[in-house]
Amino acid sequence: MSRFEDDDEAIAPLKSRETRKAAMFDRLLTVMGLTLAGAAAIFPWYVFFNEDKFSLNVVEGDRTRELPDWAPRNVRVSPLAMVNKNKPEKRPELPFDPLTTATVSNLGKEDDKGAAVSEDQPFPAASGFRLLHVANGRALIEDSSGMYVVRVGSVLPDESRLAALEERDGKWVIVTSKGEVYQNN
């Protein structure tokens with residue numbers, strides 16, 4: 001006969017010290033998890049109602065389109081913007097015009113003297129551009145194909161390079177490597 005057989009009800013075994021520590025640790029983890037979850041739920045609302053503490057400070061001067069009233073500065077010219085003093089290379093003439101144009105060919109036609117008409121086709125003129133705005137060492141230019149932001153050394157639509165950005169008589173101008181000057185209107 002065991003010692004529990006004649007008892008009416010069984011007595012639960014006593015909890016050991018380690019079991020009690022584990023139960024206390026589980027409760028502590030549960031409380032910490034619920035606290036963290038509550039803070040995570042409340043924090044976005046705290047940020048929403050206290051926006052001035054969490055917003056970025058933006059300097060108002062960056063939002064204007066006006067140039068600052070600084071004295072003009074000397075701009076160093078990049079060696080890439082210098083004019084090439086060497087003679088251009090002679091390229092052999094191509095037997096045909098590689099440009100696609102809307103001209104009608106005169107091949108096979110004859111002039112008044114009965115000689116074949118030569119095929120003289122002018123190349124398109126250099127595309128002009130205009131200066132729109134200058135700020136922070138960069139210029140905004142526009143030509144027939146779009147608008148571009150350029151700086152000293154950049155290739156321009158007329159195949160020259162931007163040599164300098166200068167302010168003349170209160171207006172901004174750009175000087176190209178070919179010596180041409182474009183003024184802001």
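This is a guided tour of the structure, moving from the whole chain to selected side chains.

**The whole chain**

Begin with the complete protein, which is a predicted model. Colour the chain by secondary structure: two helices and six strands appear. Followed along the sequence, these elements run in the order α-α-β-β-β-β-β-β.

Next, display the surface. The protein exposes about 16,900 Å², and carbon and sulfur atoms supply 56% of that area. Of the 185 residues, 14% count as buried. Contacts offer another view of the chain: among those between residues at least 6 apart in sequence, 31% join residues at least 24 apart.

**Helix 1 and its aromatic rings**

Now select the aromatic side chains; the protein has six aromatic pairs. One of them is formed by Trp45 and Phe48, with ring centres 6.1 Å apart and planes at 85°, so the pair is edge-to-face. Zoom out slightly to see the setting of these two residues: both belong to helix 1, which covers residues 17-49. Trp45 and Phe48 are three residues apart, about one turn of the helix.

Are these two side chains buried or exposed? Trp45 has a relative accessibility of 54% and therefore counts as exposed, the cut-off being over 50%. Phe48, at 56%, also counts as exposed.

Then select Tyr46 and Phe54. Their rings form an aromatic pair that is edge-to-face, with 6.0 Å from centre to centre and 85° between the planes. Tyr46 counts as partly exposed at 38% relative accessibility, and Phe54 counts as partly exposed at 40%. Add Phe43 to the selection, since ring pairs link Phe43, Tyr46 and Phe54 into a cluster.

**Strand 2 and Asp143**

Move on to strand 2, residues 138-143, and select Asp143 within it. Which side chain of opposite charge is nearest to Asp143, and how far away is it? That side chain belongs to Arg130, at 9.6 Å. A salt bridge requires a side-chain nitrogen of Lys or Arg within 4 Å of a carboxyl oxygen of Asp or Glu. Asp143 is buried yet has no salt bridge.

To finish, select Ser145 together with Asp143. What joins their side chains? A polar contact of 3.0 Å links Asp143 to Ser145. With Arg130 also shown, the last view holds both the 3.0 Å contact to Ser145 and the 9.6 Å separation from Arg130.

How values were computed
Residues are numbered from 1 along each chain as its sequence is written. This is a predicted model: local features need pLDDT of at least 70, side-chain atom pairs count only at pLDDT 80 or more; totals for chains, interfaces and linings use all residues. Side-chain values use heavy atoms; hydrogens and water are left out. Helices (H or I, at least four residues) and strands (E, at least two) are DSSP runs, numbered from the N terminus. Buried means under 20% relative accessible area, exposed over 50%, partly exposed in between (1.4 Å probe, protein chains only). Contact means heavy atoms within 4.5 Å. Accessible areas come from the Shrake-Rupley method with a 1.4 Å probe; for residues, only the protein chains shown count as cover. Rings of Phe, Tyr and Trp (its six-membered ring) pair if their centres lie within 6.5 Å; planes under 30 degrees apart count as stacked, over 60 as edge-to-face and the rest as tilted. Lys and Arg count as positive and Asp and Glu as negative; His and the chain ends are not counted. A polar contact is a pair of N or O atoms within 3.5 Å; within protein, one must be able to donate a hydrogen and the other to accept it, and residues adjacent in sequence count only if both atoms are side-chain atoms.
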